[in-house]
Amino acid sequence: LAAAIDHQELLTREASHRVKNSLSMVSAMLNLQLHEDDDPRIVRLLSDAQARISAIAIAHDRLWRGERVGIVDIAELLCGIVEGLADQAERSPIPCAVASIQISADVAIPIGLLATELVTNAIKYAGRDCALSVALAIDAGELVLTVTDDGPGMPPGFDAKSASRDSLGMRMIGSLARQLGGQIVFEDAAPGARAILRFPDPR
């Protein structure tokens, strides 16, 4: 039985490693396509898709390297994703203060995708020269993910539900927040804007 468990663990690690390599290859192909197209809209869409694929690839990279199968250190995952997105911002590196806790991949991947969407949104709307920061803390049985920028702040009358009708990124943010059983709010940070996601501690 012990030998069978060890073998299953080896197969799981190998699967995660291969998935990571395949996703990295897809990301590299998208990157090549990015440099072949001059249409700003196409470039933005391909860049967003590449960031999402890279976030999942980083999660699988942490999975196969981790000490426990199926468990990810959320600090390593989020800060790895933020580091990968930093080249989109002129004022990098992006500060990343994340509590080092171990959570399952089923929860870690949606958190990683949410962080990807929030950071890319901040760069898109606050500007590449904005100062960004990412944090995740534990608060009264909840995890709190915060992405803050020092850009122009929230537009007057901003409504997340209305914005999601016109933005795939906002629809993904809402869907991922619901998947985690949490709620997300957007507020002025004076200066800038802040997105705060609260969801139950999955541990």
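I began with the pairing of strand 5 and strand 7, which is antiparallel over seven bridges. This is a predicted model, and I read it as such. Within strand 7, I found Leu-197 as the bridge partner of Leu-145.

Next I checked the pairing of strand 5 with strand 4. These two strands are also antiparallel, with eight bridges. I noted Ala-137 opposite Val-144 of strand 5. The two strands make a hairpin, and two residues lie between them. In that turn I looked up Ala-140, which has a positive phi of about 50°.

How much of strand 5 is buried? I counted seven of its eight residues as buried, so the strand is largely enclosed by the rest of the structure.

I then traced the whole sheet. It is open, has five strands in the order 2-4-5-7-6, and its pairing is mixed. Strand 2 (96–98) and strand 6 (183–188) are the edge strands; each has a single partner strand, so one side of each has no neighbour in the sheet. For the turn between neighbouring strands I noted an average of 15°, direction ignored.

At the strand 6 edge, I looked at the pairing with strand 7. It is antiparallel and runs over six bridges. Asp-188 has Ala-193 of strand 7 as its bridge partner.

Helices against the sheet came next. Helix 3 lies across strand 2, strand 4 and strand 5, and I noted an angle of about 165° to strand 2. Helix 4 packs on the sheet and touches strand 4, strand 5, strand 6 and strand 7. The direction of helix 4 makes about 20° with that of strand 5.

Last, I went through the largest nonpolar core, which has 45 residues. Among the residues with the most contacts inside it are Ile-74, Leu-77, Leu-78, Ile-111 and Leu-145. The elements that each supply at least two core residues include helix 2 (40–65), helix 3 (74–85), helix 6 (168–179), strand 4 (132–139) and strand 5 (142–149). Which helix gives the most to this core? I have it as helix 4, with 12 residues.

I returned to Leu-145 to list what it touches, leaving out residues up to four places away in sequence. The list holds Leu-78, Ala-115 and Leu-118, then Val-134, Ala-135 and Leu-136, and finally Ala-195, Ile-196 and Leu-197. Leu-197 is thus on two of my lists, as a contact of Leu-145 and as its bridge partner in strand 7.

Note on methods. Residues numbered from 1 in each chain as written. Predicted model: local features only at pLDDT ≥ 70, side-chain atom pairs only at ≥ 80, totals over all residues. Heavy atoms only, no water. Core = buried A, V, L, I, M, F, W, Y, C linked by side-chain atoms within 4.5 Å. Buried < 20%, exposed > 50% of the residue type's maximum accessible area, 1.4 Å probe, protein only. Helix = DSSP H or I, 4+ residues; strand = E, 2+ residues; numbered from the N terminus. Contact = heavy atoms within 4.5 Å. Pairing = 2+ DSSP bridges. Axes fitted to C-alpha atoms, helices over the stretch in contact; angles between N-to-C directions.
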